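Student: I have a structure open on my screen. Please take me closely through one part of it, and then show me how the rest is arranged.

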Amino acid sequence: MSVLEGRADGDRTGSAARIRVLLAEDAPLIRQALTALLSQEPDIDIVAAVDHGDLIVPTALRTPPDVAVLDIDLPGMDGITAAVELQAKLPSCRTLLLTSVARPDHLRRALAARVVGFVRKDAPTSRLAEDIRQVAQGHRVVDPELALAAATATDNPLTPREVSVLRLTAQGASTREVAAQLYISVGTVRNHLASTVAKTQARGRVDAIRIATEAGWL
């Protein structure tokens, strides 16, 4: 795990107009590229860059940012969980989440966590910089594609037990292992799997896992 912290308050010029940003991204090349590119913006200071979710809150408390730009999928604490903790411990910091996959459940969780920005990771840096400015001003920014995915998503047709069976199967457990972990018979496991295939209109178990994962049901 690593932390890169930038200039302290006393070193900033024109501090009233500048936006202090904490960046959390575990891919080194992406983190370094975003740090370099955003630092070229005339009104943005990258005050810290971290590569692990567990570092977000302590770093933010030590070097308070105006905006936290967080990858949603981080080792340790994920971006949404970190956003919830930031809201509780540093309410002055607004959060913008980055994602590479348009998963409706992520957007719903983010909005419930009072995240004000939710954008795609592959957006141009100039667009991200403008989104940071909007978030810093208190505006909500949601990528249209992500919003559409959430609006058109169907409700989960699977029962809690079917979800458990499919999740364990997705993790590589055999039918017998699933049965043992859930304290049900092998036949019941097979019935649940057949039901998930039918409900998701999948071609088989692997396809059902793919469909359920993409829909955010697992």
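Tutor: What follows starts at one annotated residue and works outward.

This is a predicted model. Keep that in mind throughout. The protein chain has 218 residues, and 47% of them are buried. It holds 10 helices and seven strands. Among contacts between residues at least 6 apart in sequence, 65% join residues at least 24 apart.

Start with Asp 71. An unreviewed UniProt entry lists Asp 71 under "modified residue: 4-aspartylphosphate". Asp 71 sits in strand β4, which covers residues 67-71. Is Asp 71 buried or exposed? Its relative accessible area is 3%. The cut-off for buried is under 20%, so Asp 71 counts as buried. Which residues does Asp 71 touch, once those up to four places away in sequence are set aside? The list runs Ala 24, Glu 25, Asp 26, Gly 79, Leu 98 and Lys 121.

One of those contacts, Ala 24, leads to the nonpolar core. The largest such core has 26 residues. Ala 24 is among the members with the most contacts inside it, along with Leu 22, Ile 56, Leu 70, Leu 86, Leu 97 and Phe 118. Several elements give two or more residues to this core: strands β2 (19-24), β3 (44-50) and β4, and helices α2 (56-62), α3 (79-89) and α4 (104-112). The largest share comes from α3, with four residues.

Now take Leu 97 as a sample of that core. Leaving out residues up to four places away in sequence, Leu 97 touches Leu 70, Ile 72, Gly 79, Ile 80, Ala 110, Val 115, Gly 117, Phe 118 and Val 119. Gly 79 is on this list, and Gly 79 is also touched by Asp 71.

Helix α3 also carries Val 84. Val 84 is partly exposed, at 43% relative accessible area. Its C-alpha atom is 9.9 Å from that of Val 57, and the two residues are 27 apart along the chain.

Next, look at the loop between α2 and β4. Thr 63 lies there. Thr 63 is buried, at 8% relative accessibility. Apart from neighbours within four places in sequence, Thr 63 is in contact with Glu 5, Arg 20 and Val 47.

Now move to the later helices. Two packed helices are described by the angle between their axes and the distance between the axes. Take α8 (residues 175-182) and α9 (residues 186-200). Their axes come within 8 Å and cross at roughly 105°. The two helices are therefore roughly perpendicular to each other. From α8, the contact uses Thr 175, Arg 176, Val 178 and Ala 179. From α9, it uses Val 186, Val 189 and Arg 190. By class, that makes four nonpolar, one polar and two charged residues.

Tyr 183 belongs to the loop between α8 and α9. Its phi is near 60°, a positive value in a residue other than glycine. Is Tyr 183 buried or exposed? Tyr 183 counts as exposed, at 76% relative accessibility.

After α9 comes a second case. Gln 201 is found in the loop between α9 and α10 (205-215). Its phi is near 55°, again positive in a residue other than glycine. Gln 201 is exposed as well, at 71% relative accessibility.

That brings us to α10. How does α10 pack with α7? Helix α7 covers residues 160-170, and its axis is 10 Å from that of α10, at an angle of about 110°. This pair is therefore roughly perpendicular too. On the α7 side, the contact has Leu 166, Thr 169 and Ala 170. On the α10 side, it has Ala 208, Ile 209 and Ala 212. Five of these residues are nonpolar and one is polar, with no charged residue in the contact.

Which residues of α10 are buried? They are Asp 207, Ala 208, Ile 209, Ile 211 and Ala 212. What covers them includes α7 and α9. Ala 208, Ile 209 and Ala 212 are buried and also meet α7. An α-helix has 3.6 residues a turn, so residues three or four places apart point the same way. Past the end of the helix, α10 is followed by Gly 216, whose phi is positive, near 80°.

Terms used:
Residues numbered from 1 in each chain as written. Predicted model: local features only at pLDDT ≥ 70, side-chain atom pairs only at ≥ 80, totals over all residues. Heavy atoms only, no water. Axes fitted to C-alpha atoms, helices over the stretch in contact; angles between N-to-C directions. Parallel < 35°, antiparallel > 145°, perpendicular 65-115°, else oblique. Contact = heavy atoms within 4.5 Å. Nonpolar A, V, L, I, M, F, W, Y, C, P; charged D, E, K, R; others polar. UniProt positions renumbered as here; feature names shortened; annotations may be inferred. Buried < 20%, exposed > 50% of the residue type's maximum accessible area, 1.4 Å probe, protein only. Core = buried A, V, L, I, M, F, W, Y, C linked by side-chain atoms within 4.5 Å.
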